[in-house]
Amino acid sequence: MGAIKMIKATKTHIIGAGMSGLSAAVSLIKTGHGVVLHESAGHAGGRCRSFQDDAMGCRIDNGNHLLLGGNRAAYAYLKDIGAEDSLTGPERAEFHFLDLKTAERWTVTLNAGFLPKAIFSKAGRVPGSRPIDYLRAFRLAWAGGEATVAQCLGPDNALFRRFWEPIAVAVLNTAAEEGAASLLSTVMRETLFRGEAACRPLIAKQGLSESFVDPAIRFLEGRGADIGLNNRLRGLNIEDGRVAELDFGDGSVALDDGDTVVLAVPPPVAAGLVPGLRTPGEFRAIVNGHFRLERKIEGFSFLGLNGGLGQWLFVRGDVASVTVSAADDLAEKDNASIAGRLWADVALGLGLGDVPLPPHRIVKEKRATFAQTPEQEKRRPGARTGLKNLFLAGDWIATGLPATIEGSIRSGRTAADMILSFMSS
Ligand SMILES: Cc1cc2nc3c(=O)[nH]c(=O)nc-3n(C[C@H](O)[C@H](O)[C@H](O)COP(=O)(O)OP(=O)(O)OC[C@H]3O[C@@H](n4cnc5c(N)ncnc54)[C@H](O)[C@@H]3O)c2cc1C
């Protein structure tokens, strides 16, 4: 009989339990690969999470997150973790808008097939727009790497101000005057240009954590992943072109041959850990105001707002939440004045009349996403690094997509695929 050979299972250490790290972990563990997850916070989810708010007496999300039917990687991830039924949305791809100054309302309706038929009737068009304005959408398809959204689609017409600009600011979290048209173009190719079903808006039925985070943690724990919260990576010890040790300050973890690392942390953290790594260095804020209503509102999902401070209004049960993207200036203001102004928009949007400010919470995410400008887009690195067992994931990796849940999930999957092919090479 030959000698028994001890085979040591290799594993991947994933640093950061946001959507990118969770996606990498789920993709790897599905194949039977060992996973150890290290998260610096006391909870998973990163910038996409829910929490109990004592002032409001209920759970809220850090910010409204909208997905679209065409977000295929996000849907596949939810299916993997058994949460594919945890999103909800209107049955048709309809986007309702209200101009808070003029009280005009309009709906952008998308149909099966590429061309929205509604644009051929005045009632179906955005007020003030002409059918010819819609043809500008084709310019997105040829948008070069330097073009901004405003250069492509605007800025001098009602369709731009009342549809493209709010959509672009929501998608890119960057003003249309500086936002990269190429990124909006990718989203449009995967949604608008695919027809109605790919444009259907979706939100979490209960909360972001209940959809994207908690089921993933259960899935990972059920398959033997080792998950460490309050575990901040402080440094990488590098030897012979590979990560040899993870330094957590109060202890370190030596890596075995064949072990790999996915760094799924925000860009400034990654840049501080990996020598010579170039990352996006500019960020944009998102401010969300959450308001506890006196009673539940049924049948209202979300509404685009023009002409006020709030840009998108969402209602889930008795919580109304309003989002302001590309909100760096606003994020510097005090919470009381933000709450008063946003509540005025919510009350108008919901037709509540003159009602006093209810229990509320203002959440400022000052570094909600990197600034999605042509210049910052060029600073997004690939998932491979110069260190042979170190891979990157994050919404700021060069996915070709904006910094979104879909982009994060794809980045995690890409890192996992690279590790699996690295293991088999
Ligand atoms: C207010 C807001 C609204 C948004 N709206 C939308 C939307 O409508 N639709 C959409 O698709 N996307 C939206 N996004 C974007 C989406 O939330 C992000 O793209 C996504 O959550 C990013 O996930 P990530 O894993 O790449 O990064 P993160 O969520 O930042 O995860 C990184 C993780 O790493 C951890 N970490 C950091 N340093 C260390 C360390 N040294 N050691 C260990 N762990 C560490 C952090 O604690 C964090 O958990 C929104 C974001 C915000 C903030």
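The legends below describe several close-up views of a predicted model.

**View 1. The two domains of the protein chain and the contact between them.** Domain 1 is assembled from three stretches, residues 11–51, 208–281 and 374–424, whereas domain 2 is formed by residues 94–199. The centres of domain 1 and domain 2, taken over C-alpha atoms, are separated by 34 Å. Where the domains meet, nine residues of domain 1 are in contact with twelve residues of domain 2, and the two domains bury about 740 Å² between them, with 59% of that area on carbon and sulfur atoms. On the domain 1 side, Pro 374, Glu 377 and Pro 402 supply 60% of the area buried against domain 2, more than any other three residues.

**View 2. Polar and charged pairs between domain 1 and domain 2.** Two salt bridges are counted between domain 1 and domain 2, and three residue pairs with both members at pLDDT 80 or more are in polar contact. The side of domain 1 that touches domain 2 is made up of three nonpolar, two polar and four charged residues. The view also takes in the salt bridge in which the side chains of Glu 146 and Lys 378 meet, with an N to O distance of 2.8 Å.

**View 3. Helix 7 and the elements that cover its buried residues.** Helix 7 spans residues 181–190, and because eight of its ten residues are buried, the helix is largely enclosed by the rest of the structure. The buried residues are Ala 181, Leu 183, Leu 184, Ser 185, Thr 186, Val 187, Met 188 and Glu 190. What covers these buried residues includes helix 4 (137–141), helix 5 (149–153), helix 6 (158–172) and helix 8 (196–199), together with helix 13 (374–377) and helix 14 (405–424).

**View 4. The surroundings of Leu 236 in strand 11.** Leu 236 is placed in strand 11, which runs over residues 235–239, and with a relative accessibility of 11% Leu 236 counts as buried. Leaving aside residues up to four places away in sequence, Leu 236 touches Val 243, Glu 245, Leu 246, Leu 273, Val 274 and Leu 390. For orientation beyond this view, Ala 327 is 91 residues from Leu 236 in sequence and 34 Å from Leu 236 in space, C-alpha to C-alpha.

**View 5. The salt bridge between Asp 80 and Lys 30.** The closest N and O atoms of Asp 80 and Lys 30 are 3.1 Å apart in this salt bridge. Asp 80 lies in helix 2 (residues 72–80) and Lys 30 in the loop between helix 1 (19–29) and strand 2 (34–38), so the pair ties together parts that are 50 residues apart in sequence. Asp 80 is partly exposed, with a relative accessible area of 28%, and Lys 30 is likewise partly exposed, with a value of 48%.

**View 6. Further salt bridges, among them those of Glu 196 and Glu 406.** The count of salt bridges comes to 22. In one of them, Glu 196 pairs with Arg 200 at a closest N and O separation of 2.7 Å; Glu 196 is buried, with a relative accessible area of 8%, whereas Arg 200 is partly exposed, with 31%. Glu 406 forms a salt bridge with Arg 410, their closest N and O atoms being 2.8 Å apart, and both residues lie in helix 14, four residues or about one turn of the helix apart. Glu 406 is buried, having a relative accessible area of 3%. Elsewhere, Lys 11, Asp 256 and Asp 259 are joined in a network of salt bridges.

Methods
Residues are numbered from 1 along each chain as its sequence is written. This is a predicted model: local features need pLDDT of at least 70, side-chain atom pairs count only at pLDDT 80 or more; totals for chains, interfaces and linings use all residues. Side-chain values use heavy atoms; hydrogens and water are left out. Domain bounds come from an automatic or database domain assignment. Contact means heavy atoms within 4.5 Å. Buried area is the accessible area (1.4 Å probe) that two parts lose on being put together, summed over both. A salt bridge is a side-chain nitrogen of Lys or Arg within 4 Å of a carboxyl oxygen of Asp or Glu. A polar contact is a pair of N or O atoms within 3.5 Å; within protein, one must be able to donate a hydrogen and the other to accept it, and residues adjacent in sequence count only if both atoms are side-chain atoms. Ala, Val, Leu, Ile, Met, Phe, Trp, Tyr, Cys and Pro count as nonpolar, Asp, Glu, Lys and Arg as charged, and the others, Gly among them, as polar. Helices (H or I, at least four residues) and strands (E, at least two) are DSSP runs, numbered from the N terminus. Buried means under 20% relative accessible area, exposed over 50%, partly exposed in between (1.4 Å probe, protein chains only).
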